[in-house]
Amino acid sequence: MATITILNGPNLNLLGKREPEIYGHATLADVEALCRDKCSALGHEAAFFQSNAEHELIDAIHAARETSAAIVINPGAFTHTSIALRDALSAFDGPIAEVHISNVHAREEFRHKSYISGIATAVICGAGIAGYGFGIETVAAKL
Ligand code: CA2
């Protein structure tokens with residue numbers, strides 16, 4: 001059994017509370033339940049964390065170096081801005097799945113650029129919250 005860390009970035013605490021036409025009706029609690037179920041079905045443990053603060057996500061990635069075999073991350077808008085998050089993920093040895101609920105490539109131009117994709121093992125977008133499950137399956141298959 002391994003621990004898979006699932007990280008969510010800024011504003012994802014608002015899931016299900018606004019913009020359902022883009023992000024659907026599921027809440028972050030629903031995402032957490034999906035991730036815990038998927039990890040446990042695969043014989044692994046989930047560590048789930050959301051923060052609106054870049055440094056807290058970086059600290060969680062550093063902590064995962066000691067505690068986790070894989071990371072699934074939806075970096076939210078930090079995807080498109082944060083070299084610091086990319087550098088932290090680069091220092092993680094295990095597989096990393098980058099997940100986006102929406103299809104960022106069908107949205108505004110500024111969402112087409114990801115600082116994370118180049119160091120991720122897999123990138124999943126546009127599958128709704130099911131993408132977290134696909135991300136967990138993908139990283140678990142590499143453990
Ligand atoms: O599609 C995704 O999962 C995103 O990572 C979500 C980010 C966005 O900045 C990325 O470009 C794509 C935004 C998360 C904000 O989520 C909200 C949910 C409900 C209401 C408002 C924001």
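A residue is near a molecule if one of its heavy atoms lies within 4 Å of that molecule. The model is predicted, so that local features need pLDDT of at least 70 and side-chain atom pairs count only at pLDDT 80 or more, while totals for chains, interfaces and linings use all residues. Residues are numbered from 1 along each chain as its sequence is written, and side-chain values use heavy atoms, with hydrogens and water left out.

**Exercise 1. Describe the shell of residues around the ligand.**

Step 1. There are 17 residues around the ligand, and those that come nearest are Asn74, His80, His100, Ile101 and Ser102.

Step 2. Sorted by class, this shell holds eight nonpolar, six polar and three charged residues, where Ala, Val, Leu, Ile, Met, Phe, Trp, Tyr, Cys and Pro count as nonpolar, Asp, Glu, Lys and Arg as charged, and the others, Gly among them, as polar.

**Exercise 2. Find atoms of His100, Ile101 and Arg111 that lie by ligand oxygen atoms.**

Step 1. For His100, a polar side-chain atom lies 2.9 Å from an oxygen atom of the ligand.

Step 2. For Ile101 the backbone takes this place, with an N or O atom 2.7 Å from a ligand oxygen atom.

Step 3. For Arg111, a polar side-chain atom is again found, 2.9 Å from an oxygen atom of the ligand.

Step 4. The ligand exposes 510 Å² when taken alone, and the protein buries 96% of that (Shrake-Rupley method, 1.4 Å probe).

**Exercise 3. Place Thr79 and Asn8 in the fold, and decide whether each is buried or exposed.**

Step 1. Thr79 belongs to the loop between strand E3 (70-74) and helix H4 (83-90), helices being DSSP runs of at least four residues and strands of at least two.

Step 2. Thr79 is buried, because its relative accessible area is 0% (buried means under 20%, exposed over 50%, partly exposed in between, with a 1.4 Å probe and protein chains only). Its side chain reaches the backbone oxygen of Gly76 at 2.5 Å.

Step 3. Asn8 lies in strand E1 (residues 3-8) and likewise counts as buried, at 0% relative accessibility.

Step 4. The C-alpha atoms of Asn8 and Phe48 are separated by 8.2 Å, although these residues are 40 residues apart along the chain.

Note on methods: A polar contact is a pair of N or O atoms within 3.5 Å; within protein, one must be able to donate a hydrogen and the other to accept it, and residues adjacent in sequence count only if both atoms are side-chain atoms.
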